[in-house]
Amino acid sequence: MNREQVQDIEPLSELQCHRAVVTSLTSCQLDGRNTLITTSEDGTVALHSVDQKVGVLKGHRATVTSAAFLSWNDQPMILTGSLDSTVQ
């Protein structure tokens, strides 16, 4: 793909889910669905399926800077890191 082709790409959709800047995103398979995980300076983590918001995780007291998905003993887990010095 060249630069001109990239400039002509229109977004498929726009997700409005956080009250502040989005700081990271990742994707995973969650319950058999492609899921997008976003983190934000508002201290929340949002989960989205292709066409809807699945949920919002709250609990951090500061900006959420990262998220990762893993399966532990066949149980899906989302780990998040924050400027509040915690991993949840």
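Here is a short walk through this structure, from its overall layout to a few individual residues. Keep in mind that the model is a predicted one.

Let us start with the whole protein. The chain holds 1 helix and 6 strands, and reading along the sequence gives the pattern α-β-β-β-β-β-β. Of its 88 residues, 30% count as buried. The accessible surface comes to about 6300 Å², and carbon and sulfur atoms account for 50% of that area. If you look at contacts with a separation of 6 or more, 24% of them involve residues 24 or more positions apart.

Next, turn to the interior. In soluble globular proteins, nonpolar side chains tend to be buried together. Here the largest nonpolar core has 7 residues in all: Cys28, Leu30, Ile37, Val45, Leu47, Val64 and Ala67. Strands β1 (22–30), β3 and β5 (64–72) each supply at least two residues of this core. Val64 is a good member to follow outward. Beyond its neighbours within four places in sequence, Val64 is in contact with Thr23, Thr39, Ser40, Gly43, Thr44, Val45, Thr80, Gly81 and Ser82.

One of those partners, Ser40, is our next stop. Ser40 sits in strand β2. Because its relative accessible area is 0%, Ser40 is buried. What lies 3.0 Å from a polar atom of the Ser40 side chain? The partner is the backbone oxygen of Val21. Setting aside neighbours within four places in sequence, the contacts of Ser40 include His18, Ala20, Val22 and Thr23 as well as Val21. Thr63 and Val64 are also among them, so the list brings us back to the core residue Val64.

A little further along the chain comes Asp42, in the loop between β2 (33–40) and β3 (45–48). Is this charged residue buried or exposed? With a relative accessibility of 18%, Asp42 counts as buried, because the cut-off for that label is under 20%. Asp42 nevertheless has no salt bridge. The nearest side chain of opposite charge belongs to Arg19, 4.5 Å away, whereas a salt bridge would need the atoms to be within 4 Å.

Asp42 does have polar partners, however. Its side chain makes a polar contact with the side chain of Thr44, at 2.5 Å. In addition, a polar atom of the Asp42 side chain lies 2.8 Å from the backbone nitrogen of Arg19. Arg19 therefore appears twice in this account of Asp42, once through its charged side chain and once through its backbone. Apart from neighbours within four places in sequence, Asp42 is in contact with His18, Arg19 and Ala20. Ala20 is 22 residues away along the chain, yet the C-alpha atoms of Asp42 and Ala20 are separated by 5.3 Å. His18 and Ala20 also turn up among the contacts of Ser40.

Finally, let us look at the backbone. Most residues other than glycine have a negative phi. Asp74, which is not a glycine, has a positive phi of about 65°. This residue is found in the loop between β5 and β6 (75–82), and at 70% relative accessibility Asp74 counts as exposed. Ser85 also has a positive phi, near 70°. Ser85 is found in the segment after β6, and a relative accessible area of 70% makes Ser85 exposed.

Technical notes
Residues numbered from 1 in each chain as written. Predicted model: local features only at pLDDT ≥ 70, side-chain atom pairs only at ≥ 80, totals over all residues. Heavy atoms only, no water. Helix = DSSP H or I, 4+ residues; strand = E, 2+ residues; numbered from the N terminus. Buried < 20%, exposed > 50% of the residue type's maximum accessible area, 1.4 Å probe, protein only. Lys, Arg positive; Asp, Glu negative; His and termini not counted. Polar contact = N/O pair within 3.5 Å; in protein donor to acceptor, adjacent residues only side chain to side chain. Contact = heavy atoms within 4.5 Å. Core = buried A, V, L, I, M, F, W, Y, C linked by side-chain atoms within 4.5 Å. Areas by Shrake-Rupley, 256 points an atom, 1.4 Å probe, with all protein chains shown as cover.
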